[in-house]
Amino acid sequence: MQEDLKENEQPMYNLDTVRADFPILAREVYGRPLVYLDNGATTQKPLCVLDAMRNEYLNANANVHRGVHYLSQKATDLHESARETVRRFLNARSTNEIIFTRGTTEGINLIASSFCEGFMQKGDEVIISAMEHHSNIVPWQLQTARCGIAIKVIPINDKGELLLDELDGLFTSRTRLVSVTHVSNVLGTINPVKEIIRRAHERDVPVLIDGAQSTPHFQVDVQELDCDFFTFSGHKTYGPTGVGVVYGKEEWLEQLPPYQGGGEMIETVSFEKTTFADLPFKFEAGTPDYIATHGLAKALDYLTDLGLDNIQKHEEELTRYCTQQLKSIDRMRIIGESDHKDAVISFLVGDIHPLDMGTLLDRLGIAVRTGHHCAQPLITRLGISGTVRASFGLYNTKEEVDALVDGIRRVSTMF
């Protein structure tokens, strides 16, 4: 297992044992062993997650909250236990600060909608960055059209790093929020969010962090970061699709208006007036995906048991090894070369179109992502039409990196 690494650089978990937890990794594609390097889009799911969800459907399936019968109470216990698991995972102060959503995208939409309604007026500003995913651009543009707010953008350099010296000049008396990604899904750049938060808080400006690409890869402590809001997706953290989390400081969530209305989020309803439930339920209209929250909790426990530090160490070594090997390929261009990056490598080879490279790698059993990666403004800033992206997970191996490199060389000879 990664025999070229020094002994003290080897991951502290057994890769063969871990890979056995993910049966899909043993399948073949077009008669070749699957090499799954599209973890930035979604991760595979361990058996413990699938078993937990199936078991709940078979033994404890009932709508949560307010039910007096056994199954409802059991499902409610599992759902609220999952909230506590998320609280521990992020080191939030209270489960009141943990809101279940459908994913990062809905989480950012929730904050954008509620924050603009509660705290922004025409001409007020939000600061984002040049490397944001569309999910941290479009929701703010919708609010621009609806409320007349303005968007300002932190620029980047050619290595794919934020120009923090430019950030201070973006703040004005109308700045109401900063919303930035923790890790770029295209470049792999790990942004200095703690410093961004510090600078924003000096001006009494709250900060939202898009943690979709950080929570699967390294430990996140929301109290240590001191962020005001943080959001991530279950399906990128080895959990089920259609579930995610918004963390918000309780003092902010208390002030924000609800995002949606309906059942679950109310205290009393009459035709004249509705009063809303306490946190966190004020932001959870309708029946939650209580099966998925149970699955998410199992996934987070899985990551915790392996150790986020161990996962980060393993993936950083894979990223370094892959970068070194890719640079040996003729006409290789790696997109994004920050000194602080993790688990993502985007690249181009000569004039080969990313779609052609991805399609032919797929025929070799190698799954990568191609295109603009839902970050078109970033791709435009880089002066390209798209990239091929290899993104690593906790179960990927050096041998899979070798297969990727060999596959790229083979495809390159065809052009």
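**Stop 1: two domains.** Start by colouring this predicted model by its domain assignment: domain 1 takes in 15–41 + 307–413, and domain 2 covers 50–305. Notice that domain 1 is written as two stretches, so give both of them one colour. With C-alpha atoms as the guide, the centres of domain 1 and domain 2 are 28 Å apart.

**Stop 2: the annotated span.** Now select residues 35–404. UniProt, in an unreviewed entry, gives this stretch the feature "domain: Aminotransferase class V". Helix makes up 39% of the span and strand 17%. Put a distance label on the C-alpha atoms at the two ends of residues 35–404, and you should read 8 Å.

**Stop 3: where the domains touch.** Go back to your two colours and show the residues in contact across the boundary: 36 residues come from domain 1 and 32 residues from domain 2. How much area do domain 1 and domain 2 bury between them? The value is about 2800 Å², with 54% of it on carbon and sulfur atoms. Next, show L308, L378 and R381 as sticks. These residues supply 22% of the area that domain 1 buries against domain 2, more than any other three residues.

**Stop 4: polar links across the boundary.** Keep R381 on screen and add D158. Their side chains form a salt bridge, with 3.0 Å from N to O. Between domain 1 and domain 2 the count is two salt bridges, and 23 residue pairs are in polar contact there, both residues at pLDDT 80 or more.

**Stop 5: the domain 1 side.** Switch to cartoon and pick out α11 (308–326), β14 (344–349) and α13 (376–382), the elements that each give two or more residues to the side of domain 1 that touches domain 2. Which element gives the largest share of that side? Look at α13, which contributes six residues. Colour this side of domain 1 by residue type and you will find 17 nonpolar, eleven polar and eight charged residues.

**Stop 6: a long-range pair.** Finally, widen the view to the salt bridges as a whole, which number 27. Side chains of opposite charge can pair when their charged atoms come close. For one such pair, select E264 and R66: their closest N and O atoms are 3.7 Å apart, forming a salt bridge. Trace the chain from each partner and you will see that distant parts are linked, as the two residues are 198 residues apart. E264 sits in the loop between α9 (250–255) and β11 (266–269), whereas R66 is in the loop between α2 (47–59) and α3 (70–90).

How values were computed. Residues are numbered from 1 along each chain as its sequence is written. This is a predicted model: local features need pLDDT of at least 70, side-chain atom pairs count only at pLDDT 80 or more; totals for chains, interfaces and linings use all residues. Side-chain values use heavy atoms; hydrogens and water are left out. UniProt positions are given in the numbering used here, feature names are shortened, and annotations may be inferred rather than shown by experiment. Helices (H or I, at least four residues) and strands (E, at least two) are DSSP runs, numbered from the N terminus. Contact means heavy atoms within 4.5 Å. Buried area is the accessible area (1.4 Å probe) that two parts lose on being put together, summed over both. A salt bridge is a side-chain nitrogen of Lys or Arg within 4 Å of a carboxyl oxygen of Asp or Glu. A polar contact is a pair of N or O atoms within 3.5 Å; within protein, one must be able to donate a hydrogen and the other to accept it, and residues adjacent in sequence count only if both atoms are side-chain atoms. Ala, Val, Leu, Ile, Met, Phe, Trp, Tyr, Cys and Pro count as nonpolar, Asp, Glu, Lys and Arg as charged, and the others, Gly among them, as polar.
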